[in-house]
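Open the viewer and keep the selection box at hand. This tour goes stop by stop: select, look, move on.

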Number of protein chains: 2
Amino acid sequence: MPKLSIRAHKMPASPIRRLVPYAEAAKKQGKKVYHLNIGQPDIFSPQEALDAIHNYEEQVIEYSHSAGNESYRKGLAKYYQSIGINVDHTEIMVTTGGSEAIIFAMLACMNPGDEIIIPEPYYTNYSGFANEAGVNVIPITSKIENGFALPPITDFEKVITDKTKAIIICNPNNPTGYLYSKEELYQVKELALKYDLFVFADEVYREFVYDGEEHFSAMKIEGLEQHVILFDSVSKRYSMCGVRTGCLVTKNKEVYQTALKYGQARLSPPSLGQLAGEAALKTTKKYFDNVYNEYIKRRDFVIDALNKIEGVFAPKPKGAFYSIIQLPVKDADHFCQWLLEDFDYRNETVMLAPASGFYATEGLGKNEARIAYVLKIEDLEKAVKIIEEALKIYPGRI
Amino acid sequence: MPKLSIRAHKMPASPIRRLVPYAEAAKKQGKKVYHLNIGQPDIFSPQEALDAIHNYEEQVIEYSHSAGNESYRKGLAKYYQSIGINVDHTEIMVTTGGSEAIIFAMLACMNPGDEIIIPEPYYTNYSGFANEAGVNVIPITSKIENGFALPPITDFEKVITDKTKAIIICNPNNPTGYLYSKEELYQVKELALKYDLFVFADEVYREFVYDGEEHFSAMKIEGLEQHVILFDSVSKRYSMCGVRTGCLVTKNKEVYQTALKYGQARLSPPSLGQLAGEAALKTTKKYFDNVYNEYIKRRDFVIDALNKIEGVFAPKPKGAFYSIIQLPVKDADHFCQWLLEDFDYRNETVMLAPASGFYATEGLGKNEARIAYVLKIEDLEKAVKIIEEALKIYPGRI
């Protein structure tokens, strides 16, 4: 029998997946499981997008342009211009989810064996995309004590080699909820100019910024226009993860043209997803206000409630809808499994994502977990109560 | 400014793309252009699929399972069983078009630097996917004289090295329209067993088989179950290329699980495409009969008409909706460009795909072009007339 590739053996399985069989077993036993582990919001998709699907008029569902429908790209350009990002439709390439934008950028900018620096904890799938592109992730550790702010630039410089080609900045951050400031981004700029690096800016949570803070896009860093590649997605903005519609945005023509060659090989991004994405551009301010208010309520509730549990520390996220929380346990991987396998409170339990999977450095995050506050307040209330009760009797508590 | 990757520079641009600006310029001059160059059929998508889109009931367009919705996979399993391919839904992974299935298979089975053998001329995008996966395509030349039958097995053996990991068999073939026989597939089996190779079977044109011939799937090769990975797509079967829904099918559990890890990294295939794909499983026999009759008519017309032109040779394809035709010209790349740039017949012209782009061996296919007979008979009639008139005055004629 032919053997699998070595890279396939190295391909990391999602840290959340490991627990899925335990969650399934818990459900089979009749336990209700609150999922704080995933970023699938329960918010309705905009009616504008749903209507566009219902009213789809074509009789042949054709390929679109490999860079996406021009009308959609023009609409996206208007959206970006409205938030102060000065791009036109020829600088936007529609991709199959934000995921594909990341892969195309890695393929276009990095050789196999090249290195990409990512502040950890980071979105796990970056490791998967790096595996596909044959590039190595070099983590720089950010700390829960300061809410996962940008690590000192000297930390970056320590690991830069002649193989370093890019940095990923996910802002607001998944999994930490941290919002990088303009000042931090300008520190990244200096680094990128000094060492001639690409800056991959993952800003899919741009609209989820709280407490009057303002999101500063990497696309607005003056003098870094040729270095920045923006990844975006409609998944979270409009709560329609399933359409698989994202985009890659860059003012670097060479990068754009090269990414497009990869885009041409896969022919086109999904036509129906683009239909929904274009219609969603008409989403009302009222929709976003409702979503915003809902997430603020959820965040405020869940962070306050978690911090009231003895031994738990949950930094208040300024963006996105995640938080990495510290737990009074020796091994959060074990705790999360135990919650599903051995614990229930009134026949209910909680699924969390152990944070170790978001760190590339072995041994970090062992007493941390990521929560996504994508559930209704009533459910969050029950979930927090379950965590509280669980910690009272969990044998691995410290 | 940071430099692009070396692989990006090696990424082949689609051979058809080179001519796109010329086609656009021709249209701007007011010329009508008949597109025989692309595989975008004008056949309507099944009403069942369109209805499913119109009646979409969800209010949150959620991620699906990374392997695709179970109900859809169960439906696909039934479809495969109905055509004698014995698989269940745990052996089917839904992908974003057939393209993604190919990339996942390459990533799972091949290391960077490994080699994949493909009979040429072949579907150009295989080269793009190979670039992404960092693997090298080793072409084996098939010949127009015998309609592009499988080259002798000795030709394969000559190029096999310890880096050879897989063979791609596209059946029915794009771009040649050739239908591989059961006997030919059993020759491939011997080779795969002898050298321990994966067999990547691209069978997206399975339903397009003519003249009472029967398609024999590589999945039916006895004793090769652990070697075969099937790529499939709804794009051509149901004329809905834009939904980006395909699948990877294999009885090799290890390959499946590994491909799934790559699938998990990109979260899920498009949800709306799956909706259309599942509904399309109910497509009536009448729909397929109509499509079949239409393509037979088109093929018979266009092949007969082309062969009547002096110096043109068009082998009669037994499947798919393409043919590689021989032209009495020195350089088909130039001829195809000239058709767009310098020629018109009553203000109309034709766009063909020069065949050189379908060969990996430099210098082959210089007097060949691929046609896709995806247009109405009236249009095909005009297109052939244009080719005939063009060849009368083309300066590079031999």
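Where is the place of B:Phe148? Select B:Phe148: the residue sits in the loop between strand S4 (136–141) and helix H7 (153–159) of chain B. Bear in mind throughout that this is a predicted model.

**Stop 1: loops of chain B**

Stay on B:Phe148 and read its backbone. Phi is near 70°, a positive value in a residue other than glycine. Is B:Phe148 buried or exposed? With a relative accessible area of 0%, B:Phe148 is buried.

Next, select B:Ser239. This residue belongs to the loop between strand S7 (228–233) and strand S8 (246–250) of chain B. B:Ser239 is not a glycine, yet its phi is positive, about 50°. Its relative accessibility is 2%; buried means under 20%, so B:Ser239 counts as buried.

Now go to B:Pro172. Look for it in the loop between strand S5 (164–170) and helix H8 (182–195) of chain B. The peptide bond joining B:Asn171 and B:Pro172 is cis, and omega is about -5°.

**Stop 2: a cis bond in chain A**

Switch chains and select A:Glu120 with A:Pro121. The bond from A:Glu120 to A:Pro121 is cis, with omega near -5°. A:Pro121 lies in the loop between strand S3 (115–120) and helix H6 (125–133) of chain A.

**Stop 3: helices H6 and H9 of chain B**

Select residues 125–133 of chain B, helix H6. How many of its nine residues are buried? Nine of nine are, and the helix is mostly covered. Among the buried residues are B:Tyr126, B:Phe129, B:Asn131 and B:Glu132. Step just past the end of H6(B) to B:Gly134, where phi is positive, about 70°.

Then take helix H9, residues 253–265 of chain B. Check its length. At 1.5 Å a residue, its 13 residues should span 18 Å. The end C-alpha atoms are 19 Å apart, which agrees. H9(B) is mostly covered too, with 10 of its 13 residues buried. The buried set includes B:Tyr256, B:Lys261, B:Tyr262, B:Gln264 and B:Ala265.

**Stop 4: across the chains**

Keep H9(B) on screen and add H6(A). Two packed helices are described by the angle between their axes and the distance between the axes. H6(A) and H9(B) pack at about 125°, with their axes 9 Å apart. That makes H6(A) oblique to H9(B). Their crossing is left-handed.

Which residues of H6(A) and H9(B) meet? On the H6(A) side, pick A:Asn125, A:Gly128, A:Phe129, A:Asn131 and A:Glu132. On the H9(B) side, pick B:Tyr262, B:Gln264 and B:Ala265. By class, this contact of H6(A) with H9(B) has three nonpolar, four polar and one charged residues.

**Stop 5: H5 and H9 within chain A**

Hide chain B. Show helix H5 (residues 97–109) and helix H9 (residues 253–265) of chain A. Their axes come within 9 Å and cross at roughly 115°. H5(A) passes H9(A) in a right-handed crossing.

Color the contact residues. H5(A) offers A:Phe104, A:Leu107, A:Ala108 and A:Cys109. They meet A:Val255, A:Thr258, A:Ala259, A:Tyr262 and A:Gly263 of H9(A). Seven residues of this contact between H5(A) and H9(A) are nonpolar, two are polar and none is charged.

**Stop 6: H3 and H10 within chain A**

Move to helix H3 (residues 47–54) and helix H10 (residues 271–280) of chain A. At what angle do their axes cross? The crossing is at roughly 140°, and the axes come within 7 Å. That makes H3(A) oblique to H10(A). The crossing of H3(A) and H10(A) is right-handed.

Select A:Glu48, A:Ala49, A:Ala52 and A:Ile53 in H3(A). Opposite them, A:Leu275, A:Ala276, A:Ala279 and A:Ala280 in H10(A) make the contact. The residues of the contact of H3(A) with H10(A) divide into seven nonpolar, no polar and one charged.

**Last stop: A:Glu57**

Finish at A:Glu57, in the loop between H3 and helix H4 (70–82) of chain A. Is A:Glu57 buried or exposed? At 73% relative accessibility, A:Glu57 counts as exposed. Now draw a distance from its C-alpha atom to that of A:Phe208. The two are 151 residues apart along the chain, and their C-alpha atoms are separated by 33 Å.

Technical notes. Residues are numbered from 1 along each chain as its sequence is written. Chains are lettered from A and ligands numbered from 1 in the order in which they are written. This is a predicted model: local features need pLDDT of at least 70, side-chain atom pairs count only at pLDDT 80 or more; totals for chains, interfaces and linings use all residues. Side-chain values use heavy atoms; hydrogens and water are left out. Axes are lines fitted to C-alpha atoms, for helices over the stretch in contact, and angles run from 0 to 180 degrees between N-to-C directions. Helices (H or I, at least four residues) and strands (E, at least two) are DSSP runs, numbered from the N terminus. Angles under 35 degrees count as roughly parallel, over 145 as roughly antiparallel, 65 to 115 as roughly perpendicular and the rest as oblique. A crossing is left-handed if the near helix is turned anticlockwise from the far one by less than a right angle, and right-handed if clockwise. Contact means heavy atoms within 4.5 Å. Ala, Val, Leu, Ile, Met, Phe, Trp, Tyr, Cys and Pro count as nonpolar, Asp, Glu, Lys and Arg as charged, and the others, Gly among them, as polar. The expected span of a helix is 1.5 Å times one less than its number of residues. Buried means under 20% relative accessible area, exposed over 50%, partly exposed in between (1.4 Å probe, protein chains only).
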